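Me: I would like to go through this structure slowly, asking what lies behind each term as we meet it.

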Amino acid sequence: MTFFGRREELRQLRSWCTGQGPAVRLLTGPGGQGKTRLALELVRSMCAETPVEGGRWACGFLESTADPQAVKSLLEQAVRPTLLVLDYSETRRRPSADQLSQVEELARAAASARHDTPVRLLLIARSVGDWWDQVQTNAGELLSDAEVLPLSPLAPGTHDRQKLFTTAWECLARQLRMLMPGWQCPVRVPQTDLTHARYASALMLQLEALAHLLEPDRAPGGRRAEDVVLAHEEAYWRRAARAAGVGVHPRIQRRAVAVASLFGARDERAALGLISDLAGMGRSTEDDWLRIALWLRDLYPPSHSESGPFWGSLQPDLLAETLVADVLGEDPRLLTDALAERTAEQARQALTILVRGSLHHAAAEGLLLEAVPALGPNLAEAARVVSEAEAPEPLVAALTGLDRRGLPVEVLWELLEAIPLQSHHLGHFAVEVQGDITEARQSLLAEGGGTDALRALVRSLKMESIRCESVGSNGQALRLLERAVSLAESHTSEAVLTAVELAELYGNLSTTLALNGNLDQAVKAAAKSHGLLAALDDEELPLDQLAASVGKIALRAIDLGRYELAVEQLMWVVDAFEQIIKAERAAGGDPGHLEAARSRAARWRTNLAGALSKADRHQEAIEHIRHAVEERRELTRVRPDAHRAALALSLHNLAAHQHNVGDDTAVHSAAEAVAIYAALACKTPSVYLPRYVSAMNAVVNLTPRSGDPKAFPDHLIGQAKQLYADLRRTHPEGFLPVLTISMHLSSKGGPAVHWPLDPGTGDPLDIQQAEEAVGIYRGLLTVDRTLYREHLISALQFLGQYLSDANRHSDAVPRVREAIVLLGEGPDINSSEWTARMAGALFTLFAQSEESGHPAYELGEVLRYAHLCRSLGDQTDPDIRAMHAGKLCTLAIALVDADREPDAVTLLETAVGMHEALDRLSPGAYARTLGNVRLMLAEARRLASGLPGPAPS
């Protein structure tokens, strides 16, 4: 297909390849959006790039079967600029629990390459999920700056879709003329209704174009495009089957292609086993199976790799998913009867295809419900696919609804290991599974399992507490850890845990105690952990691991406010790394090990400086942070890509420490950090623009004239403003999770620049900023309603106020009402604080409605307001209560005008009660108002009862 659109994305990727940014980038987007096509164009253009120092670019796609160690060596020793693309990165699994996956190996190698030759690794996946979190966790700091580039729809509007459809139609027509001599091409491009949401996919538009070429007379609303293409594909199967001597019925042929696409086969033996299980193959021989297997191999050849699969698959994926859903819908036994006999790799491939198919075919959801119980020993593959899938909800439902009674502990344990610790979809399910394992371990101990059973129970309790903590169940996590510690301490003579394991258990207990507010006990547990680790010999635990463990405990002490303890521990950590550096230099070993030790030492010095500052030992803090800055300067001179960002961070911290002691040079350190972040932000703005803005904010606050924003250089404001605008335009999705409203800068004589980037306490300054905040928080509400509800409420209230100030009261009313609905979802609806907030919000709603000139009250809101006013306690400011009582009177008059006298009585009775309470609080101050309200109440009661009024005098 001709490359269409994506010019901006291609420019960004080319700039990334040739620039100074991070070595790893992740390209994401739903299936059919053109990720692979964009990567192909990038590879083509980089291979054609004018040779640079080191030669032409070496580019290509890396197969999943490639040896990661060999490729890792290539990256580490590259002599030519290198670009490697890993498609379907989310599916490249670990060979075993203790081995890194191909993606993890290569990402670490690319990010840590110690030469000046550009090395770039482009990962492609359908989504950022648990798998990416796991990759980043295992890579540590190496991938902290890896940028994710989400692809937006290639053709979001109908006009764009028609252009892409036309381009695809013309390109495919040329191909068909060459492939099918005598084929009659339709005269003109058809005008097709492309408004349906399915046509947001570039692949679907291309399939639609191909279907129109293959069947020009297809009626609107007729067969799906994929069905048309599959029908022509089946004709190809039949011709190839006759040529290969495969004499089975076309229906068996169809099943064979579906099953081959569903499960795949590693080698000929696996292929024969799969074919022999096909329904309808009962009387066939091994010769027949081999003919079918070779026929499939000829239809869809595998890759050229010797270690690759026996056959390929029907392409594109959407066609394979459609065929599989149709065939299994007719006979689900082809799936369920075969699953238990398949390898883990085949089971995983089958689940992946069904999950992807569920996006387009409802039948696939039902197939997943049948597939999961049939997985048997391959149950863990379901969890792995959940962590990789674009939209795993149907599989999540099937897995979490599984009856786990009777499942072996080994199967449960493997299932649990397949669920990432911070799983978005299976976090609570993992807690349940770990609970099943703990219960089984408890039963084994009760049956006399001895020390081994006790050790297994303690470890299971620890793991269950970690899982509970990962989903926010901190109280339960603490109870489990306390039980684990109690068991370990009560059996010290049996050596239930090693010293390292026991130290880790105390460390976990310290963290969990702190999370539950028990700081004193947390410090004691941390001290126990530290004591155990410090007593170990190097043979038991290498010094770098010991130092890192103690460092983590020190960071916990900082969180607990135990700064002197943290200083003591961090000084020991820094000294330990200095010993490691000295030993590496004396040994003259791998320079990479020395570089890593120096980098870690600088990191821990930075943490030590922070602890010293909190302990009011500012001069010592400055000495250590200066040392860290100089260390990182030297590292940056050797490998700028790997260390520039860390240098900028240390400079930023140095500026803060200098400011604490009144050192005027603080502004120069902050300005140097700005300069580094400016260069980094130009290359990878989604990672570094927030840090750039934060550093600029520091410069503003540190300049003379008390941080007057007009003193800030105009060119930097303009540069940051342009970067931010470009980023919001190209992929705004990347900004949603970091939105808060915090920074305002002004160029001289120009308008304010507002930055919704860094966490902070600022507020929107005008309608435009507030509308932007509301729009983004509405999007975030679909990600985490609980977390972002309060942010949206605040943004809506600001927007309502600014609209009111602009006399746009009618526009303000729906925003305030939206805030009220969200406020009603809060978890604390019975608290006095919530009552006061909701009453205030309703007061604002009524006031805005009245100001609009067309007040329209909803009775339910009015009566709710009266109920809330009755609940306002004495802690509410008297003036606020008087304000609410006055509003009740206004609303009561409106209700009388609307012939709702009984409801008016309710409101006025509440107003009288509130004024009586106020009069008791301040005798005489509210007497006149109270008398008037009582008169209004008497009149409302008369009208409600239907009694006549007084005779005219």
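Me: Which residues touch the most other members of the largest nonpolar core?

Reply: This is a predicted model, in which local features need pLDDT of at least 70 and side-chain atom pairs count only at pLDDT 80 or more, while totals for chains, interfaces and linings use all residues. Residues are numbered from 1 along each chain as its sequence is written, and side-chain values use heavy atoms, with hydrogens and water left out. Of the 99 residues in the largest nonpolar core, Trp295, Leu296 and Trp311 touch the most other members, and helix 7 (residues 202-214) gives the most to this core, with 10 residues.

Me: What makes a set of residues a nonpolar core?

Reply: The members are buried Ala, Val, Leu, Ile, Met, Phe, Trp, Tyr and Cys residues joined through side-chain atoms within 4.5 Å, where buried means under 20% relative accessible area with a 1.4 Å probe, protein chains only. A second, separate core of 56 residues includes Leu546, Ile580, Ala615 and Tyr692.

Me: Why are the buried residues of helix 15 said to be on the same side?

Reply: In helix 15 (residues 363-371), a helix being a DSSP run of H or I with at least four residues, numbered from the N terminus, the buried residues are Ala364, Leu367, Leu368 and Ala371. They cover an arc of only 105° around the axis, taken from the directions from the helix axis to the C-beta atoms, and therefore lie on the same side of helix 15.

How values were computed: Buried means under 20% relative accessible area, exposed over 50%, partly exposed in between (1.4 Å probe, protein chains only). Helices (H or I, at least four residues) and strands (E, at least two) are DSSP runs, numbered from the N terminus.
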